[in-house]
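Colleague: Please take a close look at one sheet of this model, and begin with how far the prediction may be trusted.

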Amino acid sequence: MKKERTGDNCPHQILSLTGISFERRSVIGFVELTIVPLKDNLRYIRLNAKQCRIYRVCLNDQYEANFQYFDPFLDICQADPNTRSLEVFSQFHLSAAQKIDPDHNSGELHVQIPEEAAHLVGEGRGLRIGIEFSLESPQGGMHFVVPDGEGTLVEKSAHMFTYGHSARLWFPCVDSFAEPCTWKLEFTVDESLTAVSCGELVDVVYTPDHRRKTFHYLVNTPACAPNIALAIGPFETYVDPFMNEVTHYCLPNLLQILKNTVRYLHEAFEFYEETLSTRYPYPCYKQVFVDETEDDATAYTTMSIMSTHLLHSIAIIDQTYASRKAMAQAVAEQFFGCFITMQNWSDLWLAKGIPDYMCGLYSKKCFGNNEYRYIIHQELQEVVGYEEQYGGIVLDPWQPPASGARVEAKDVFYFPVRNVHTMSPRYIEIMRKKSHLVLRMLEQRIGQELLLQVFNKQLSLATNAANTKIGSGLWGHLLLSTNLFVKAIFTVTGKDMAVFVDQWVRTGGHAKFQLTSVFNRKRNTVELEIRQDCVHERGIRKYVGPLLVQLQELDGTFKHMLQIENTVVKADITCHSKSRRNKKKKIPLCTGEEVDMDLSAMDDSPVLWIRLDPEMSLLRSTVISQPDYQWQYQLRHERDVTAQSEAIDALHNYPEPATRKALTDVIENEQTYYKIRCRAAHCLTKVANAMISSWVGPPAMLTIFRKMFGSFAAPHIIKQNNFDNLQHYFLQKTIPVAMAGLRNIHGICPPEVVRFLLDLFKYNDNSKNHFSDNYYKAALVDALAATITPVISVLQPGAPITADSLSADTRLVLEEITRVLNLEKVLPCYKNTVTVSCLRAIRRLQQCGHLPSIPTVFRAYAQYGQYIDVRLAAFECLVDFVRVDGKPEDLSSLLTAVESDADPCVRHGLARLLINMPPFERAQRHRLDTEAVVHRLWNNINCLLSNDARLRCDLVDLYYTLYGLKRPICVPLPEIQAMMKQMHHKERERLEREREREKEKERERERLKEMEIKPVIKQEVEDVKYEPEVPMDTSLPITAMDRIVDIPLDDMLPVPLSSIKEEDVKIDVTSVPTELPVRVFSDDNKREFMTDNAVALPGIPGTSGPVGFEPGMFRDKDDMGAPKAKKKKKEKKKHKHKHKHKHSSKDKSKEHKDKDRSLPPRPPSSTEHLKIKEETRETLSSFSSSQSPSEDISSMPSNMSF
């Protein structure tokens, strides 16, 4: 739990930033904190400040104080620098966060009160602390956007803003949500710029020369430091015509689309004020739209910083939903999150969940009940999926439940969950959704009206407290904690929700039910069995309590509440109706309407379908076993979108004509919610592919599409676009993509579907449409990409891919994608949606082997300066390329972008892409799984990203994905490394001794040979003199050089010497590895394999591969030329292989030409194909997986671990 601050309270703070430089990306400023000591003997004051340079600390403007700076995040594992294990890192990570946590009375900046100023400290007396500081090129917390190019800052729309909720990154403060205070803010900027910050704008004062001006803001309602923000730029201002207290700011030339985007914002204010029965808690509200934000919207006290990408014109459909929701969410956070904040990190779930819950209610009003229930269902599935993969999320981990149950080992995360600076960003996102679901469950238990009354009571107490001074002791009402929330519920409703909170807030995981049913005809009952078999799996726990089962029978809907106490519960439910397959009668549904049904598919049971927990009043996943016809009835006739969605998920498994008909009817049914119709289209694709052998008629959905969107006279030609009916618009986008997934009996897309899609491009006419068709065109490109199937090649493997090798359909698809992409460069559409789809389509063509896998085009589109969505799509393709064909340098370039890209959103987005599509599988000894990558990632999370908590936690996620909790296997333990070094050293010494003995034998042999053919050899030796082009490296030990030069070649090489082609004598001697171990064969061994006059077989140099025959290789000795010539050749060849240098392919081709010139023409050889093999060995993997005889233990990789 939170420690009480023993040192001080901070009732007021002044923040003044004067020297703000866009050129140097720097800030010079001054802060003054007024603190009230809580005891007389206060000697140290601890504040938060990161990446700031502190120049001076002054008390009451007269006493200078000494200070110390300490940030454990600069080297998290300082105590154990050699560890590379996430288990160890997690402990140090949490410890580092707690050492500077203001809630634990800690901080990075320790100010010591000097002896002479001790008399200033008195209980209840204010003490002013002034700090002068500067900030240069901040790594986090503050972002400067200065586009390249000519022109002034205003012409280039240069601007800066703060991001995240970590104020310590840009000014010294008490960086805690639990320390609200009043603020005076001053920002001095160029005359042409505007500074937007929290609170009311009191005054704007110009300097005497009118070149600069200072904005003065006042925050009279207590606000905490993390909720203070700033944005500076050449903003255009727009006062909301419906609410004059609301002001919108955007960058130049965007005012027109700003007006359209924000025209419904006043409705959100009205909705929240009416629902909560409370006035908006602040005197004003500002929305600033800036570029390169980390998130779409972030709420601060009286203001929100939004992304420019939320802005849209009146012609855009898809973005409208997202933008309205993001702005409504930011307004909801003004009430809970900014005005009422959390008391500790453990109360984060309330600060995130309540605004989400309020925004959900607004979405329900705005977009309808179907949309709201669909969102809840999606969130529930996401939470369930995450918990089953990583472990159960405990919303409040600080206080164990009353039962005293501990978190089980299977549910322990690989990162600490007790501090927001150590949590995975994905965990925070899912936790937010889980908080929303838990509050909704609470609403179902106490009723929506009473829950809103609880919120109203908290807001009323906070409003009263905000109007008092800090001394009144009421400012605690501005904070909300789990315990306070439970007390407030009890005060308002009289219901004690402590058991509920213990079950769903202080315990992690969700329930998983498996339901099977059997109809007993004699007794007219349904025998249900509900099992919880998975309680020992990760993220799943045993549920005990009530569970609602809803049966739809012939005579209506009947609800039955079962009590779940064990892992297996059996229940007999008496049916209210008798089976009557042949009688026609309208069947009443739960909505009260009566419908006709075709009951011919039914068996004896009067039950049409069964649902489990239909209101989603538990955190659960369900597996219901019922026959296909029941799922079909549920899809057609159940009015709840969650039931229809579950039916679609189940019908994938029943590919038969009845399923096809049910899905087709749903797609055509105008009364069905559009998202269900779109999902049914995708489901029909899977069903059609499974029924391919028995499918009759045109491809699935072709008839539906032509009926809905085809011209009256010529159905194959599409009508002019008219998106006035939004349901039809979303279907028109979805059906082509679903059809593109169809496959014929050969596993390829039917040619008529490809022609149909190409016709949609040809006849697409948007000239008379009110709305933009950019998302529709992007969907058509996605559809073309989905038609592509892996190439069935008759070419030799490895043959180059050319235009001629493409099939006719693929060529048409490629031409269309190229045409659309080129058109996009000339006439870009909104958000470049078509470019994004084209890049993914090109990557799809590469994956399927229709285009060479070359990343050049993606690298061009991933450059800084391209639109953010295009960059992320290009990075997505690059991440996939690295996973399939990448080299270490490709992965390295991606990691460089993660570390140092100019846009924080790209850094975070690319890190998430690498996590979702990891470059290699864990512990598979992949070519990219190197020690260098481990050390690089480790250095980032351990010290280099000390000022960017979100990216650091992203890379912790990536590290876990690649290596797990333990030390990566490619990094041996230091002890093993030392042992291996010792073994290598001993082996090297042994080989040296062996070599010395061999040299002695070799010298003896040479002397004997010289005596036999003395006259000839003497003359030849005088002729040949080797002069290296590059001066020999004198730093090499003489003995080592002698050793290398004197080793006989035949004994070193796996392929005998005379088979290796002659190469140029100009050799880089400096590249000789001095300590290269060489396997030496003894003289006796050599004699076993060859006679003295044997000629070696030609083979591929440098490998121990197969050898072949050459014509004339067994000629007489006379034909081979004089012995002296042979000796000369041997001398030359000796240089090539002694130094084991590597030629580039350019040098090789040059050498081949030189050789062709110098050698006499050779008769055509029957082994000509060996040449090809030799020349292409650079492109193929030239290393054999087995160890070649020439290798020894000292050339083994040093990173082997045991």
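Modeller: Confidence is expressed as pLDDT, the predictor's own score for each residue, from 0 to 100. The model is predicted, so local features require a pLDDT of at least 70 and side-chain atom pairs 80 or more, whereas totals for chains, interfaces and linings use all residues. Residues are numbered from 1 along each chain as its sequence is written, and side-chain values use heavy atoms, without hydrogens or water.

The protein has an average pLDDT of 84, and 82% of its residues score at least 70. Residues 1–6 stay under 50 and make 17 contacts (heavy atoms within 4.5 Å) beyond four places in sequence. Residues 1148–1202 are also below 50, with 57 contacts in the model beyond near neighbours in sequence. Where pLDDT is low, predicted coordinates should not be read in detail.

We may now turn to the sheet. Four strands (DSSP runs of E, at least two residues, numbered from the N terminus) make up an open, antiparallel sheet in the order β9-β10-β15-β12. β9 (142–145) and β12 (194–197) lie at its edges; each has a single partner strand, and therefore one side of each lacks a neighbour in the sheet. On average, neighbouring strands are turned by 10 degrees against each other, direction ignored; the axes are lines fitted to C-alpha atoms, and angles run from 0 to 180 degrees between N-to-C directions.

Within this order, β10 (residues 159–162) pairs with β15 (residues 230–233) in the antiparallel sense over two bridges, pairing being defined by at least two DSSP bridges. Here Met-160 stands opposite Ile-232 of β15.
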